[in-house]
Amino acid sequence: MTLGVSSYAFSWRMHPDNPRPLTVLHVLQAAAALGVGLVQVCDQPALDAGDPHFVGEIAAEAGTLGLELELGTKGVEAGHLLRFLDLATTTGSRFVRSMLSSPRGTPTLRDAIASLASVVPAYERAGVTLGLETYEQFSTDELVGVIEAVGSPALGICLDPGNSVARLEHPGDVIAKAAPYVVNLHVKDFAFSRKEGMIGFTLAGAPLGAGLLDYDAMVTELEANGRRVNQIVEHWLTRQETLARTCELEEIWVGDAVARLKAQRRLIAPATYPIEEAIHG
């Protein structure tokens with residue numbers, strides 16, 4: 001498993017309200033300084049637009065810094081996913097993360113299956129894996145059903161159990177159901193707190209190890225299913241009293257999470273993708 005960071009780990013430092021927001025190039029440089037070997041660049045407008053200058057810049061900078069790239073987008077329309085396959089080829093990325101839903105709409109399960117089935121043969125030929133993230137718009141059972149219906153080693157699940165809590169799915173259940181199909185892992189902790197007045201709860205981020213995510217149980221479950229996948233640090237940090245304090249706390253959370261995961265012996269082995277096993281036997 002290779003340790004990486006998502007551009008979402010820099011959300012507040014990249015925020016447009018920041019007087020000097022970080023760019024994706026800054027994120028790559030910060031990742032290299034943290035000593036990780038991978039950056040998952042997710043949901044960036046220039047990437048979704050296929051801006052050749054942007055794509056060339058991040059590919060060149062990643063090469064200079066010795067970083068591997070993964071790409072992230074939303075949606076399963078065939079044309080959109082094929083464009084991202086081209087971007088993956090250009091940037092040397094072996095993984096693309098997406099979601100069934102996107103700002104462009106939410107497909108029926110039948111339409112999602114048909115679209116994915118038309119696209120994944122091209123991903124197979126290119127040796128690129130596509131991972132659909134667990135999210136509250138669809139249950140884990142539905143997502144697993146899509147993966148099984150398409151039946152390709154180039155398609156799996158990007159596991160982020162915290163996202164499914166909003167669908168009233170227990171993280172442990174999400175992990176157990178998704179584990180045989182997981183091709184990528186988002187690591188972010190979360191916790192509930194009482195709202196002001198003791199009426200209701202807020203689900204928000206927590207420093208890794210301080211919340212409800214049972215990291216050890218999650219990785220043990222993946223290992224039991226033969227899933228040695230890349231681990232990508234994210235966070236759900238709520239805005240603090242000032243943006244400056246929020247950015248400061250974000251840097252601490254991410255740095256501490258990276259240090260904590262580096263100490264895990266489980267990160268020594270290189271990641272494997274089912275598509276590689278299918279190609280090489």
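## Loop residues with positive phi

In this predicted model, L168 is placed in the loop between β6 (155-159) and α7 (171-178). Its relative accessibility is 80%, and L168 therefore counts as exposed, the cut-off being over 50%. The backbone of L168 has a phi near 65°, a positive value in a residue other than glycine. Most residues other than glycine have a negative phi.

D43 also has a positive phi, of about 55°, although D43 is not a glycine. This residue sits in the loop between β2 (38-42) and α2 (45-48). With a relative accessibility of 18%, D43 counts as buried, because the class takes in residues under 20%.

## A nonpolar patch on the surface

F192, F201 and L212 together form a nonpolar patch on the surface, and their combined accessible area is about 330 Å². Of these residues, L212 belongs to the loop between β9 (201-206) and α8 (215-224), and at 52% relative accessibility L212 counts as exposed.

## T134 and its surroundings

T134 is found in the loop that runs between β5 (129-133) and α6 (140-150), and with a relative accessibility of 1% T134 counts as buried. The side chain of T134 reaches the backbone nitrogen of D160 at a distance of 2.9 Å.

When residues up to four places away in sequence are not counted, T134 touches L143, I157, C158, L159, D160, P161, N163, S164 and V174. D160 thus appears both in this list of contacts and as the residue whose backbone nitrogen is reached by the T134 side chain.

## V254 in helix α9

V254 lies in helix α9, which covers residues 243-262, and V254 counts as buried at a relative accessibility of 2%. Leaving aside neighbours within four places in sequence, the residues in contact with V254 are V5, A9, R13, L34 and H235.

A further distance relates V254 to another part of the chain: the C-alpha atoms of V254 and S139 are separated by 29 Å, and these two residues are 115 residues apart along the chain.

## Burial and exposure in summary

Among the residues described here, T134 at 1%, V254 at 2% and D43 at 18% relative accessibility count as buried, whereas L212 at 52% and L168 at 80% count as exposed. Loop positions occur in both groups, since D43 is found in the loop between β2 and α2 and counts as buried at 18% relative accessibility, while L168 is found in the loop between β6 and α7 and counts as exposed at 80%.

Key:
Residues numbered from 1 in each chain as written. Predicted model: local features only at pLDDT ≥ 70, side-chain atom pairs only at ≥ 80, totals over all residues. Heavy atoms only, no water. Patch = residues over 30% accessible without salt bridge, like charges linked within 9 Å, V, L, I, M, F, W, Y side chains within 5 Å. Areas by Shrake-Rupley, 256 points an atom, 1.4 Å probe, with all protein chains shown as cover. Salt bridge = Lys/Arg side-chain N within 4 Å of Asp/Glu carboxyl O. Helix = DSSP H or I, 4+ residues; strand = E, 2+ residues; numbered from the N terminus. Buried < 20%, exposed > 50% of the residue type's maximum accessible area, 1.4 Å probe, protein only. Contact = heavy atoms within 4.5 Å. Polar contact = N/O pair within 3.5 Å; in protein donor to acceptor, adjacent residues only side chain to side chain.
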